[in-house]
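Here is a model to get to know by asking how each label is earned. Take a look, then follow the questions below.

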Amino acid sequence: MSLGFSTRAIHNGEEPDFREGASGDVAVPIHLSTTFARLKAGNPTAGYEYTRSLNPTRKALEEKLAALDGAKYGLAFSSGLAAASTLIISLLKAGDNVIGFDDLYGGTRRLLSNVFVNFNISVSYVDATVPENVEKAISPESRLIWIETPTNPLLKIADIRAIAAIAKKHGLILVVDNTFLSPYFQKPLELGADVVVYSTTKYIGGHSDVLGGSIVLNDKQLYEKIAYNQNAVGAVLSPFDSYLTLRGAKTLSVRMEQHQRNALALAEFLQKQKKVKRVLYPGLKEHPHHDIAVAQTSGFGGVLSFELEGTLEDAESFLSKLKLFSTAESLGGVESLVEIPAIMTHASVPKDVREINGISDTLIRVSVGIENTEDLMEDFRNALE
Ligand code: P1T
């Protein structure tokens, strides 16, 4: 029987244990033990040796994460960037080239451009909203295509099917960062991606109280390489954080529906405001890639960005007037957040690159929470006035 998304989110990885001596917990316990005793030296108990290598709470989460994407394998890490780092270490070597979307999360861009460059891994950034740009950038050294869709913070959409076909044609691996939509709204593996990466800090955890990252995939050989490095590098998710992420993931579907309802209402409201220059939300018909979004996702998520008329000071002043939206980095939690990418999440992206890409000083990113729609709209109305 193939189970629905919400059923998998609740049950997968957490089947009660009815074996002799087990207690039948309906929520997987937090196994804090760092090491596991064995009756015989050469015979690890149920495969458990040491928590960095394998831990029962993390294993439950990894099974759940795989199930959410309909994937064969899942791996959990101590942050989204820890997942990204382990993935790069597993798939690339010195001399290789990555083709990256030019609007990646600032931290991912920093990791590629400022850290892995020291290991002689080069990056070519392209506007991946046009798949031909990706193909044109391919060189003999290219190994990997790394995209986010929608992007952070401009909500650009890349056509995953088209880019997967290009990757396949040239023997490259396609990685999709699916943090913004979560597996509830988008399943990149089904669209042809090879590897999906998440900051589970965001929607999957969902409550702004646990940092984490994950990788899901179907290819056994790639999985074994990444799993080897998960242990060898050691950036694993702790048992307590695995528990919090398991707990958050169970309500992903109901949260995503309310995030989306609120985001669409706010986007439509902002479109009508004189002080707002432009609104970026893939759920709006006016969004330049709305049709691709419709074709590859089952929803548009809870993040939108908009540009205010005026200066950076005006944008800061607007944020300070909001009462229900905290000014803070991050996204995907139940509470609404706002931020100015140019001086916050994307401050590490050089100013000239930000300007070319359209991240102006008055661009405001909103992570719309799951509060009552009318309260959020009223807060925005008052702050704009
Ligand atoms: O913060 P961490 O869990 O390490 O995840 C990094 C990351 C990866 N990918 C995307 C698309 C992200 O948005 C992030 C983290 N982003 C923020 C903290 C932010 O405010 O945009």
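**How the labels are earned**

Q: What makes the side chain of Thr-201 a polar contact of the ligand?
A: This is a predicted model, and in it a polar side-chain atom of Thr-201 lies 2.7 Å from an oxygen atom of the ligand. A polar contact is a pair of N or O atoms within 3.5 Å, so this pair counts.

Q: How do you know that Asp-177 has a polar contact with a nitrogen atom of the ligand?
A: Again, look at the distance: a polar side-chain atom of Asp-177 lies 2.6 Å from that nitrogen. The cut-off is 3.5 Å, so the pair passes.

Q: What part of Ser-330 lies 2.7 Å from an oxygen atom of the ligand?
A: Here it's the backbone, through an N or O atom. As for cover, the ligand taken alone exposes 480 Å², and the protein buries 92% of that.

Q: Which residues come nearest to the ligand?
A: There are 17 residues around the ligand, and Asp-177, Ser-199, Thr-201, Ser-330 and Arg-365 come nearest. Sorted by type, the shell has three nonpolar, nine polar and five charged residues.

Q: Why is the ligand said to sit in a pocket?
A: A molecule sits in a pocket if more than half of its atoms lie within 2 Å of the pocket's grid points. The ligand sits in the second largest pocket, so it meets that rule.

Q: How do you know that the radius of gyration agrees with a compact globule?
A: With 385 residues, a compact globule would come out near 21 Å, and the protein has 21 Å, so the two agree. Its C-alpha atoms fill a box of roughly 75 × 50 × 35 Å along the principal axes.

Q: What makes the bond between Thr-149 and Pro-150 stand out?
A: That peptide bond is cis, with omega about 0 degrees. Most peptide bonds are trans. Pro-150 lies in the loop between β4 (142-148) and α6 (160-170). Pro-153 is found in the loop between β4 and α6 too, and the bond from Asn-152 to Pro-153 is cis, with omega near 15 degrees.

Q: What is notable about phi of Ala-46?
A: Phi is near 50 degrees, a positive value in a residue other than glycine. Most residues other than glycine have a negative phi. Ala-46 lies in the loop between α1 (5-11) and α2 (56-69).

Conventions. Residues numbered from 1 in each chain as written. Predicted model: local features only at pLDDT ≥ 70, side-chain atom pairs only at ≥ 80, totals over all residues. Heavy atoms only, no water. Near = heavy atom within 4 Å. Polar contact = N/O pair within 3.5 Å; in protein donor to acceptor, adjacent residues only side chain to side chain. Areas by Shrake-Rupley, 256 points an atom, 1.4 Å probe, with all protein chains shown as cover. 1 Å grid on protein atoms, 1.4 Å probe; cavity = no way out; pocket = protein on both sides within 12 Å on 5 of 7 lines; lining within 4 Å. Nonpolar A, V, L, I, M, F, W, Y, C, P; charged D, E, K, R; others polar. Rg over C-alpha atoms; globule rule 2.2 N^0.38 Å. Helix = DSSP H or I, 4+ residues; strand = E, 2+ residues; numbered from the N terminus.
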